[in-house]
Amino acid sequence: MTTDWQVAWEVMKWPFVASLLFPPLLVYLGLHVVKREVIFVDLALAQVATLGTCVALLMGYHFDDRPTFWISLAVTFLGAAFFSWSRSTKKTPVPQEAIIGITFVVAAAGVILLLSRVAGGKEELEHLLTGDILNVTKGEVGQRLLVFVALGAFYGAFHRRFVLISSDPERAFAERVSVRLWDFLFYAAFALVVVSFVRLAGVLLTFAYLIVPAVCGTMLAQDWMKRLVIGWVVAVSASVLGLWASYSMDLPTGAAIVVAAGVLLAIVGVFTAVRSG
Amino acid sequence: HLAQVIGKMKANNVKVILVQPFQNRRTAETVARQTGATVIDAPQQPGAARNAGSYFDNMDNLVRSIAVALGAQK
């Protein structure tokens, strides 16, 4: 006779595996986002990806149809191109963060407008926001892993170039690096990561995995590798805590992981304040 | 809750899960994978499913789907 824990493990094992395998690349991208001081770019791109999905739903496709993925990716690439074009090293009256925030809000409103024309739109809206990490399957983990490994290799191969552009774009321009091209490549690959993951985890959990562990790593270490390791530990810890809370208190899984990440960030914040005080 | 549902379905040999077309089918599919059950759409209103424009067609569709699912489990 199966015990409750055995049943829980059978339900939770693939979400747990996903929370181990995907955070390293997400944390790496989050470190770049924090360095560039464009915190909401991942939230905006995730919302643009959701807008693309809604365009596909309005065209009559279902959420899991292959064309839905490609339409969402195409729309997200447009967003990536827009963000790389809007970045400037010169001081402008309008900071890029304002452009990113506006893009997020307009994309979110666009999602509501489009889903008002789709049967079951309200349920779809909640699904897109909160995701479905609890129902992830072995096949979906495997597919995303292939994408993440390929993109991880791409970012790893050009790590120094991307670090230069993220941390010192003026020097990159001075060294005649094609900053706009590399910015677009960074955001385009970022878009592919976001579109792949937001279909599993939703907008909120994707943003949480990208930013919270990276912020914790940045608060606790100076070196990129140490920040990456700390970020991965925070991401996995938040996942385990969130999955446990979701099971024991019967809570929505994605939201539980996001709150757990927030709690860990608060603990890290208090620790760093005490350490520096 | 899902773990409890899975446990009860296994204990009572429940082999069919009904979902409304607008509900999240993936949760039902997760439960179905654990219990060996079949998931079928069970729309409440006529017109929600193809070839089920009237109330009678909708009921016929539902009964047929359940019968096929239960028959396939034997």
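Good morning. Helices and strands are here taken as DSSP runs, a helix having at least four residues and a strand at least two, with numbering from the N terminus. On that basis, chain B contains 3 helices and 2 strands. Please bear in mind throughout that this is a predicted model.

Let me begin with chain B as a whole. Read from the N terminus, its elements follow the order α-β-α-β-α. The C-alpha trace of chain B extends over about 35 × 25 × 15 Å along its principal axes.

I turn now to the interface of chain B with chain A. How many residues of each chain are in contact? On the side of chain B there are 12, and they touch 16 residues of chain A. The two chains bury about 1200 Å² between them, and carbon and sulfur atoms account for 51% of that area. Within chain B, the residues that lose the most area to chain A are A3(B), F22(B) and R26(B), which together make up 44% of what that side buries.

One of these residues, R26(B), deserves a further word. Which residue of chain A does R26(B) join in a salt bridge? The partner is E140(A), with the closest N and O atoms 2.6 Å apart. Across the interface as a whole, the rule finds 2 salt bridges. It also finds 7 residue pairs in polar contact between chain B and chain A, both residues being at pLDDT 80 or more.

Which elements of chain B give two or more residues to the side that touches chain A? They are α1, residues 2–12, and α2, residues 25–35. Helix α2(B) gives the most, with 5 residues. By class, the residues on this side of chain B comprise 4 nonpolar, 5 polar and 3 charged.

Let me move on to the cavities. Searching the whole structure yields 2 cavities of 30 Å³ or more. The largest cavity holds about 40 Å³ of space. Its lining is made of A208(A), Y209(A), P213(A), V234(A), A235(A), A238(A), I257(A) and A261(A). Three helices of chain A, namely α10 (179–220), α11 (224–249) and α12 (253–276), supply at least two lining residues each. Is this lining polar or nonpolar? It has 8 nonpolar residues, with no polar and no charged ones.

The second largest cavity also has a volume of about 40 Å³. Around it stand P15(A), A18(A), S19(A), F22(A), P23(A), L26(A), I133(A), F197(A) and Y209(A). Two or more of these residues come from each of α1 (4–21), α2 (23–36) and α10 of chain A. Helix α1(A) provides the largest share, 3 residues. This second lining divides into 8 nonpolar residues, 1 polar and no charged. Y209(A) appears in the lining of the largest cavity and in that of the second largest cavity.

Finally, let me return to salt bridges. Over all chains, the search of the structure finds 7. One example lies in helix α1 of chain A, the helix just named, where E10(A) and K13(A) are 3 residues apart. Their side chains meet in a salt bridge, at 3.4 Å from N to O. Why are E10(A) and K13(A) separated by about one helical turn? The reason is that these two residues are 3 residues apart in that helix.

To close, I would recall two points. Helix α2(B) gives the most residues to the side of chain B that touches chain A, and R26(B) is paired with E140(A) in a salt bridge. Thank you for your attention.

Terms used
Residues are numbered from 1 along each chain as its sequence is written. Chains are lettered from A and ligands numbered from 1 in the order in which they are written. This is a predicted model: local features need pLDDT of at least 70, side-chain atom pairs count only at pLDDT 80 or more; totals for chains, interfaces and linings use all residues. Side-chain values use heavy atoms; hydrogens and water are left out. Contact means heavy atoms within 4.5 Å. Buried area is the accessible area (1.4 Å probe) that two parts lose on being put together, summed over both. A salt bridge is a side-chain nitrogen of Lys or Arg within 4 Å of a carboxyl oxygen of Asp or Glu. A polar contact is a pair of N or O atoms within 3.5 Å; within protein, one must be able to donate a hydrogen and the other to accept it, and residues adjacent in sequence count only if both atoms are side-chain atoms. Ala, Val, Leu, Ile, Met, Phe, Trp, Tyr, Cys and Pro count as nonpolar, Asp, Glu, Lys and Arg as charged, and the others, Gly among them, as polar. On a 1 Å grid over the protein atoms alone, a cavity is a set of points where a 1.4 Å probe fits but cannot get out, and a pocket is an open set with protein on both sides within 12 Å along at least five of seven lines; lining residues have an atom within 4 Å of a point. Grid points are joined across faces, edges and corners, and a volume is the space filled by probe spheres set on the points.
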